[in-house]
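Colleague: I'd like to learn how to read a model like this one, feature by feature. Could you walk me through it?

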Amino acid sequence: MVKHQPLQVYERQLCLSCITGIYGCRWKRYQRSHDDTTKWELLWSLILLFTFCLLLVWFYFWWEAHNDYNEFNWFLYNRSGEWSDGTVPILATTAAGFTYISFLMVLALCHVALGQQLNLHWLHKIGVFAALLTTIVGVISVNQTWDQEWDVIPISLQATGPFLHIGALTAVTALSWIVAGQVARAEKTIFQVVIILLYLSVLLGLYVVPLYITSPCIMDPSTLKQRPDVFGHQGAPMLAPENTLWSFQRALQMNVTGLEADVVIGLDGVPFLMHDRTLQRTTDVENVFPDRQTDDASRFNWTDLQRLNAGQWFLKDDPFWMLHMLSPHEKDAIANQSVCSLEQLLKLASYHNITVVFRLRRPPMDHPCYHSWINDTLQAVQQSGVPQSLVMWTPDEQRAQVRQLAPGLIQTSVDKRSPESLHQDGVSRLLLRYNQASMQEIGNLSQSNINLTLYTVNEPWLYSVLWCSGVSSVSSEAPHILSKVPYPIWLMRPDVYCLLWVSADLFSFAVVLGIFVLQKYRMSGMRSYNPEQIMLSAAVTRSTRDLNVMKEKLIFSEVGNGAGSAEELYGDNGYNYYTNQGISQ
């Protein structure tokens with residue numbers, strides 16, 4: 001006797017098809033599976049998770065390193081000899097890779113939530129491996145060429161830590177829906193216990209993380225010190241060519257309280273302002289002196305330097321992408337800039353009664369001024385007529401002699417030393433990179449009456465953190481940005497932060513507990529339910545809906561002893577086989 005098997009009715013599941021299709025190229029229903037994921041695919045899932053975490057840190061690093069993009073480009077210039085914005089390709093590839101890996105992570109979580117077998121397509125595996133390899137190479141490269149920049153991560157966490165904690169807590173709390181579903185569907189007790197322990201470990205870790213979050217911005221606002229002074233580092237190099245008179249004038253328009261410059265001794269003993277060792281990047285030396293363009297900047301005398309243009313390069317390269325904001329008058333002023341001498345800078349500072357700090361580079365050993373460089377610079381300071389109380393003297397060489405000849409100079413050190421050592425040498429100010437002083441060290445220097453200036457501070461978040469830490473002054477390439485920061489970006493009382501922390505933890509715990517109870521209730525009695533297959537008997541209650549259905553081919557099979565016809569089988573169930581309608585009782 002031949003018996004018809006029951007017809008199966010399928011609903012189209014476009015969302016599920018897209019999820020499994022994009023992730024593993026399993027677009028057809030028969031390609032999908034609810035079986036356990038293979039060990040090989042579990043390994044690839046772990047690789048995907050590791051790549052996502054690594055890219056997350058890498059992306060965060062470059063996001064916060066925005067403060068030092070110019071420093072990074074300068075490092076690249078010293079290695080390659082050509083100036084370019086090397087951060088653009090890095091940011092583009094990092095953003096693309098992070099977006100791609102994040103998308104795959106979302107698809108993987110959707111597979112887990114829907115009980116689908118993980119099966120990453122081989123093209124995605126190549127993409128994940130490429131993203132992982134590229135990121136590792138990038139991390140190694142930064143570690144070799146710019147290792148000091150890793151300090152930006154712990155420093156930035158002082159500004160972002162409390163908010164990242166709330167974001168991470170929200171994400172892990174939301175994942176409880178997937179975790180609870182897996183626990184409810186699991187048949188092995190040991191698997192349930194492992195999942196619950198792992199999840200609770202992560203959750204409890206996030207609950208107590210605020211105990212280890214330290215931020216100077218969590219403080220009583222009444223103890224906030226006065227706004228740190230801002231020095232124009234090389235003037236305002238984002239708005240004008242660095243170390244030119246126009247750059248310093250632009251900085252003065254931003255109400256800076258001091259100017260910082262880099263000084264080189266010329267062949268004739270005239271100190272002038274130059275950051276690089278050569279004149280290639282910031283002048284037209286390749287046109288005026290083509291056979292001397294790679295010579296050290298100290299190999300030029302003042303007469304030669306006055307023939308060079310120090311502004312055209314800025315209009316050509318637009319190093320900070322700010323040229324579109326400048327007026328025609330400003331562009332004309334930039335185009336006519338020349339190399340600035342130390343004496344010109346000091347006279348400008350004296351006229352505006354502001355402080356000047358400069359870092360002096362000693363010329364090569366075969367230079368005529370190798371032994372007299374300190375005296376030559378000190379002579380230029382005295383000839384400028386600037387009050388000595390406005391000049392911060394940084395060279396450690398012959399400091400005792402300088403104190404005798406010019407006792408009014410502000411003795412400043414660029415080397416990190418103890419307050420006791422600084423007092424012994426008569427040093428009253430310290431000039432350091434912003435990552436060289438911790439919150440505790442800043443407090444100790446302040447108590448020891450050592451004024452601390454940190455460079456280079458361009459971002460409002462970093463300025464706010466240093467402000468709350470009690471720093472007296474900063475040096476910035478972006479005084480036009482810091483001038484718009486009249487108060488720290490955020491400031492929170494400790495008791496308010498504690499209340500926010502405890503409230504977030506309690507709310508998260510309540511939500512997680514509720515989700516676990518709800519998932520247990522939903523999954524009870526549904527362990528064997530297959531969402532893709534709906535028997536025809538279930539379709540009777542849905543015959544009024546406008547469903548797009550697909551009917552499988554009838555499978556004919558030979559049935560042995562005592563089997564009835566298909567009509568009898570469906571008739572017993574109250575269903576008209578030929579009309580697809582239920583029989584009224």
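Modeller: Let's go from the whole chain to single residues.

Colleague: Gladly. How many helices and strands does the chain have?

Modeller: This is a predicted model, and its chain has 22 helices and 16 strands. Of the 585 residues, 47% are buried. Among contacts with a separation of 6 or more, 68% join residues 24 or more positions apart. The accessible surface comes to about 30,400 Å², and carbon and sulfur atoms account for 59% of that.

Colleague: Where does pLDDT stay under 50?

Modeller: pLDDT is the predictor's confidence in each residue, on a scale from 0 to 100. The chain averages 87, and 86% of the residues score at least 70. The stretch under 50 is residues 528-585, for which the model has 76 contacts beyond four places in sequence.

Colleague: Let's turn to the interior. Which residues have the most contacts inside the largest nonpolar core?

Modeller: Trp62 and Val381 do, in a core of 99 residues. Beyond its neighbours within four places in sequence, Trp62 is in contact with Tyr69, Phe72, Thr87, Ile90, Leu91, Val142 and Trp146. Apart from that largest core lies another, of 13 residues, including Met274, Leu279, Trp302 and Val339.

Colleague: How do I read a helix against its surroundings? Take H8: what do its buried residues pack against?

Modeller: A general idea helps here: an α-helix has 3.6 residues a turn, so residues three or four places apart point the same way. Now the case at hand. H8 covers residues 245-253, and Trp246, Ser247, Phe248, Arg250, Ala251 and Leu252 are buried in it. The partners of these buried residues are two strands, S4 (258-265) and S5 (271-273), and two helices, H12 (328-335) and H13 (342-352). After H8 comes Asn255, with a positive phi near 65 degrees.

Colleague: Is Ser464 buried or exposed?

Modeller: The cut-off for buried is under 20% relative accessible area. Ser464 has 2%, so it counts as buried. Its place is in helix H18, residues 460-469. Leaving out residues up to four places away in sequence, Ser464 touches Cys217, Val485, Pro488 and Ile489.

Colleague: And Leu198, buried or exposed?

Modeller: Here the cut-off is over 50% for exposed. Leu198 is exposed because its relative accessible area is 56%. Leu198 sits in helix H7, residues 189-208. Together with Ile190, Phe191 and Val194, Leu198 forms a nonpolar patch on the surface, with about 390 Å² of accessible area in total.

Colleague: Now the backbone. Where is Asn353 found, and what is its phi?

Modeller: Asn353 is in the loop between H13 and strand S6 (355-361). Its phi is positive, about 55 degrees, although Asn353 is not a glycine. With a relative accessible area of 56%, Asn353 is exposed. Asn449 also has a positive phi, near 60 degrees, in a residue other than glycine. Asn449 belongs to the loop between helix H17 (439-447) and S10, and it is exposed, at 62% relative accessible area.

Colleague: One last backbone feature: which residues does a cis peptide bond join?

Modeller: Look at omega for Tyr455 and Thr456: at about -20 degrees, the peptide bond joining them is cis. Thr456 lies in the loop that runs between strand S10 (451-455) and H18.

Definitions and conventions
Residues numbered from 1 in each chain as written. Predicted model: local features only at pLDDT ≥ 70, side-chain atom pairs only at ≥ 80, totals over all residues. Heavy atoms only, no water. Helix = DSSP H or I, 4+ residues; strand = E, 2+ residues; numbered from the N terminus. Buried < 20%, exposed > 50% of the residue type's maximum accessible area, 1.4 Å probe, protein only. Contact = heavy atoms within 4.5 Å. Patch = residues over 30% accessible without salt bridge, like charges linked within 9 Å, V, L, I, M, F, W, Y side chains within 5 Å. Areas by Shrake-Rupley, 256 points an atom, 1.4 Å probe, with all protein chains shown as cover. Salt bridge = Lys/Arg side-chain N within 4 Å of Asp/Glu carboxyl O. Core = buried A, V, L, I, M, F, W, Y, C linked by side-chain atoms within 4.5 Å.
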